[in-house]
Amino acid sequence: MSQKLSSGEVCKNFVKKVLTNYNLPYISITPVFSICPKHGYIAGEHKYCPICEHEYEAKRLIKENSEC
Ligand SMILES: [Zn+2]
């Protein structure tokens with residue numbers, strides 16, 4: 001029996017070893033993004049959804065103007 005391993009075999013064994021040893025729940029490769037339950041995917045990191053904030057601000061202004 002030959003003990004020689006092809007590079008493909010080594011790679012396959014390595015991936016198997018890594019997956020077995022490190023029980024990773026997920027691998028993050030994508031840049032930072034946020035998800036709003038109302039507006040969905042928003043590129044970039046936001047503490048609050050900019051669209052929701054904008055809508056809230058608009059509603060606030062309408063309310064202020066109607067109160068007189
Ligand atoms: Zn939103």
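**Exercise 1. Find which helix has the lowest mean pLDDT among the elements of the chain, and which has the highest.**

Helix α1 (residues 7-21) comes out lowest, with a mean pLDDT of 73, while α2 is highest at 92. Here pLDDT is the predictor's confidence in each residue, from 0 to 100. Helices (H or I, at least four residues) and strands (E, at least two) are DSSP runs, numbered from the N terminus. Now zoom out: the chain's mean pLDDT is 77, and 71% of its residues reach 70 or more.

Keep in mind that this is a predicted model, where local features need pLDDT of at least 70 and side-chain atom pairs count only at pLDDT 80 or more, while totals for chains, interfaces and linings use all residues. Residues are numbered from 1 along each chain as its sequence is written.

**Exercise 2. Work out the pattern of helices and strands, and how the strands pair.**

Start with a count: there are two helices and two strands. Following the sequence, you meet them as α-β-β-α. Next, look at the middle pair. Strand β1 (residues 33-36) and strand β2 (residues 40-43) run antiparallel and are joined by four bridges; two strands pair if DSSP finds at least two bridges between them. The two make a hairpin with three residues in between. Ser34, for one, sits opposite Ile42 in β2.

**Exercise 3. Decide how open helix α2 is, and compare its reach with the expected span.**

Take the length to begin with. α2 (residues 50-66) has 17 residues and reaches 24 Å from its first C-alpha to its last, close to the expected 24 Å. That expected span is 1.5 Å times one less than the number of residues.

Then check burial. A residue is buried if 20 or more other C-beta atoms (placed from the backbone) lie within 10 Å of its own, exposed if 12 or fewer, and partly exposed in between. Zero of α2's 17 residues are buried, so the helix lies largely in the open. Across the chain's 68 residues, the buried share is 0%.

**Exercise 4. Where is Lys38, and how far is its C-alpha from that of Cys52?**

Lys38 lies in the loop between β1 and β2. Lys38 is exposed because it has 8 other C-beta atoms within 10 Å. Cys52 belongs to helix α2 and counts as partly exposed, with 15 C-beta neighbours inside 10 Å. The two are 14 residues apart in sequence, and their C-alpha atoms are 8.2 Å apart. Leaving aside neighbours within four places in sequence, Cys52 is in contact (C-beta atoms, placed from the backbone, within 7 Å) with Cys36, Lys38 and His39.

Key: Contact = placed C-beta atoms within 7 Å.
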